[in-house]
Amino acid sequence: MFKIATTGLSSFPDADSFALGESGQKLLNQFCFSDEWAGNLSSGLFRLGETATAMHGLRQPECGLLNLVRCYDSTDRDHVFRLFEQAATTSSSFCFSTTIMLESGQKQPVFCIGESSGLAQRYSGSMLGVFFFPRFQLETKGRIFSHHS
């Protein structure tokens, strides 16, 4: 799934009505864990949270787009590149899902939701988003691997 829209996430008037209560947050945490990320379009660098850095196999929290998507399923990389390119030229909201190929050979699903803004001047602006990692890994080599936190 690769989607982009020119309306911002913050444009919904009842954004607070979507806030999860304590039981909703517990349920979300039961099924996945999340981490934030931000992108600076003037420098071209992304800054990932600690968990997202580790899940992407990176040693440093700052990286370029190429290093960010290097661990993604090879059939999805071009789609993710194009999505980020579009979001870097027009303020928009976007999402994608793919799998991360872990060094162990396992596949970890990842969902990303983001928003770009401040693109009035060329090579300026920023992106902000969150990664969601389901608490399971996909079947590989005939076995199902689970994620333990």
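Here are some friendly notes on a predicted model, point by point.

1. **The strands around β7.** A good place to begin is strand β7, which covers residues 126-134. Strand β2 (residues 32-40) pairs with β7 in the antiparallel sense, over nine bridges. To find this pairing in the viewer, look for C32, which stands opposite P134 in β7. Strand β7 also pairs with strand β6 (residues 107-117), again in the antiparallel sense, here over seven bridges. A handy marker for that pairing is G114, whose bridge partner in β7 is G129. As general background, side chains in a regular strand alternate between the two faces of the sheet.

2. **The salt bridge.** Side chains of opposite charge can pair when their charged atoms come close. How many salt bridges does the count come to? The count comes to one. The partners are R47 and E62, with their closest N and O atoms 3.5 Å apart. This pair links distant parts of the chain, as R47 sits in strand β3 (residues 45-48) and E62 in strand β4 (residues 62-63), 15 residues apart. R47 is partly exposed, at 46% relative accessibility. E62 is partly exposed too, with a relative accessible area of 43%.

3. **T53 and its surroundings.** Next, please have a look at T53, in helix α2 (residues 50-55). Is T53 buried or exposed? With a relative accessible area of 7%, T53 is buried. Leaving aside residues up to four places away in sequence, T53 touches L48, L58, R59, Q60 and P61. L48 deserves a second glance: its backbone oxygen lies 3.5 Å from a polar atom of the T53 side chain.

4. **The cysteines.** A disulfide is a covalent bond between the sulfur atoms of two cysteines. How many disulfides does the structure hold? The number is zero. Take C71: the closest cysteine sulfur belongs to C63 and is 9.2 Å away, so the two are too far apart for a bond, given that a disulfide needs the sulfur atoms within 2.5 Å. C71 is also buried, with a relative accessible area of 11%. C95 is likewise in no disulfide, and the nearest cysteine sulfur, that of C112, is 8.4 Å from its own.

5. **Where to look.** If you have a moment with the viewer, start at β7 with β2 alongside, then turn to β6, which also pairs with β7. From there, visit the R47 and E62 salt bridge, and finish with buried T53.

Definitions and conventions
Residues numbered from 1 in each chain as written. Predicted model: local features only at pLDDT ≥ 70, side-chain atom pairs only at ≥ 80, totals over all residues. Heavy atoms only, no water. Salt bridge = Lys/Arg side-chain N within 4 Å of Asp/Glu carboxyl O. Helix = DSSP H or I, 4+ residues; strand = E, 2+ residues; numbered from the N terminus. Buried < 20%, exposed > 50% of the residue type's maximum accessible area, 1.4 Å probe, protein only. Polar contact = N/O pair within 3.5 Å; in protein donor to acceptor, adjacent residues only side chain to side chain. Contact = heavy atoms within 4.5 Å. Pairing = 2+ DSSP bridges.
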